[in-house]
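Visitor: Please show me the model, and then let us go through its sheet and its cores together.

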Amino acid sequence: MAPLASEPDSLEQLQSAEQVALLDVIDNLRYQGVGHYDIGLPQLIVCGDQSSGKSSVLEGLTRLRFPTKDILCTTFATEVVLRKESEVKIECTINPSKKRNKAQQLELKKFRHSFSSREKFSLPFIHDEARKSMSFGTASEKTSFSEDILQIRYTGPDVPSLTIVDLPGIIHTQIKGGDAEMVQNLVKGYMSDPKSIILAVITATNDLANQVVLEFIKELDPSSSRTMGIITKPDKLDRASGSESHFLRLAKNQDMPFDLGWHVVKNRSYEMSEASATERDESEKRFFATGIWKSLSRSDVGIDSLRIKLSKCLLRHIRAELPSLTTTIQDAITATESSLKNLGDPRESKDQQRTFLILMAETFQRITSDALRGNYGDPLFTPSVIDDKFKKARLRTQIQNLNIAFATAMYRKGHNWEITDSKDSSPLVFDSLSSDAVQIYDTEIRAPYPVARASFVLEYIGAHVRGSRPAGLPSLVNSYVIGQIFKEQSSKWRDIAYGHLKEAFQAVKDYVEVGLESLMDRRTYSLLKATHIDAQLEKRQKAVEAKLDELLVSYEKHDLILYDPVFEADIRDIRARRHLRNKTGGVGSAAQTTDYPAHHLLTESMDDFTNSEILDLMQAYYKVIFISNVTVLAIENCLMTNLEKVFAPTLISTMSQEEIHHIASESEETRTTRTELQQKLEDMKKSKLVLNLQAFDTRTSKPPHAVLRLLRPNCREAMYTPARPATSTFTPQVSSPQPSRPRTPSPHLKPSEGKLTPLLRSIATEEIQVNIRSRDQWPPLYSTSHRSYIATLTYTQYICDADQESSVPNSI
């Protein structure tokens, strides 16, 4: 971190309105609970081992009497807010953790203790009362880790503007049921935040190797870029001893260099335990003016210079962190709004639940219609790097690919035998234009048995013919043999077709699941699936299987019947090819053999002719349109047609109100999540408003009423109310309506400057404006000027918006 030499050198210079406003911004953000949402805040944290003198340092900084011994049962952080004001006032409250439920938060916010003087303030009493309050909602009142924060706000005429988070002393020995581990986890949690400036308090009366806080620094701030060391009890060292020289080198940032350096303070001695703060400070000054300590710079010793150093350090740190903090909060708002949007609208009432289901059904019909046509414009079908659900959503593409794979498998492997003209002939090969489904089908389906035509005709068909000769002339072809061989050749059709239907049905199921899950939460989908969707899909599965059985009947059980005139032409062509093959020993083309005289076929022997005729008839009949029947009549008609009716608005009309409530009501988890997100969004928006106000205040030094005139220069003067302290009921005074008169633009505005800037509009329209009705609703850290300013600004915004669209100069 850069040196602080360019900053103001006196405490009075650190009391400007801008610097106080910067501290108030962070305090207000902490009040809004920003830290509970894993958003780090720039802050000073005081940490050290037990008996390290941490309490004495805090007492010197705050002028409040801290107990000289650590309270072992305290396992919560204490935020000390110091502000310079004319009156002395000490207010103690609890800022409950956002992990508490509403009832617990309201109960803890009741904790409030006020003191009108330092003498009446008792920190041990406040710690004890806070511990009791924080035990509300826990299993017992025993000491336990708490994320609640005790806040002590101290104002007075001689108080520096500073905010410090005091952490419990680090316990070395495990006692009282795990206090040591809980305290260490609490301290480490604060120290690990990269936005925390660590004030590591070490005592000169103990060896450095025995002080655990230094080990934590090595672990959590290895670069030592955000740590300042504070040495206490230097007066306890023997003069001119080696230990004194060692701690002097440490104070000069030599032995253990920190970017923020070291500082040395002298604690109260027992003899001065009842001395005043002034006497304590004078004693400290005399000590550092003697001995080897006088060699140190006056800015590195004493409680007075420590106040100035810490104030400069904190202000510089806040200024550096505000831009990134603003970005982080805006990112949190965006992410929270997105999460709420994903949850959808609340579904508490019966009408909301019914409306939700109808809307989802209408949307499902629309996207299903697109999916069936292959119109992939909806975001559901957009490719994602996260998962491949979009592939399942593209239903038409999935079915097309499966049908192509089915057709390819039927042509390549649908027959039982691969009959070739020679043993070296290769089966039909398809190119790789197909999808992955082709490879899957090809892997799962057995290849046909290769057999030469001559061998098949002589041995297999001949055996069938000899065992099935009909009455009449021996040369007649028995149609029974043709049917029998065909059934054996097509015996794989059923398994292949059923496997294809199974894949197609799974594709439909996958689409329905992806489509519905994109519209509703998993619980609602699961209930809807169990009660209605599964039954609808089961009907379609049974229908498509029944259709396949129907299509297979004619091939598996009936005699071969065909009236297609193309069949006769195919037979004539096959016979001509066979004759040419017998004559030439090769394969002729259809053009060469179509007109070949049929009487030449009689040169074959009677059995050869019969056997070859049977094979030719079987192969001609094998070319029928079974593939088209399966893809069109079964899959398209029975599975795909009207798929959107699986979940249609008409289905909702058949449900009882109890059934709708059972399906569409939100789960307890969803309701809890929604409540938490809404609370987070509210807190983040209030935090954003705090930052916007701070940004606005640093751009102008005008008082609120003058700012309002600048905001709305064309509004009637009587509409503005001067800034004033907020009361329990805020009622702006508005004069009687004036007669309308022509509007004249403000002379200091240009024509291009006629709109309210986004910053000021966001300030004026944030949700926090609802809190102006009651003083008690305002966070205690808001200054009176801020409360009056927002109230006046909000009311003026309403009036001016109703009156006309006004202007604001871009210079704001």
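Visitor: Which residue of strand 8 is the bridge partner of Ile198?

Guide: This is a predicted model, in which local features need pLDDT of at least 70, side-chain atom pairs count only at pLDDT 80 or more, and totals for chains, interfaces and linings use all residues. Residues are numbered from 1 along each chain as its sequence is written, and side-chain values use heavy atoms, with hydrogens and water left out. Strand 7 (residues 196-203) and strand 8 (residues 227-232) pair in the parallel sense over six bridges, where pairing requires at least two DSSP bridges and strands are DSSP runs of E with at least two residues, helices being runs of H or I with at least four, both numbered from the N terminus. Within strand 8, the partner of Ile198 is Thr227.

Visitor: Why is one side of strand 4 and of strand 9 left without a neighbour in the sheet?

Guide: The nine strands form an open sheet of mixed pairing, in the order 4-3-5-2-6-1-7-8-9. Strand 4 (112-115) and strand 9 (262-264) therefore lack a neighbour on one side, because they stand at the edges, each with a single partner strand.

Visitor: Which helix gives the largest share of the largest nonpolar core?

Guide: A nonpolar core is a set of buried Ala, Val, Leu, Ile, Met, Phe, Trp, Tyr and Cys residues joined through side-chain atoms within 4.5 Å, buried meaning under 20% relative accessible area with a 1.4 Å probe, protein chains only. The largest one has 64 residues, and Phe406 is one of those touching the most other members. Its largest share, 12 residues, comes from helix 16.

Technical notes: Buried < 20%, exposed > 50% of the residue type's maximum accessible area, 1.4 Å probe, protein only.
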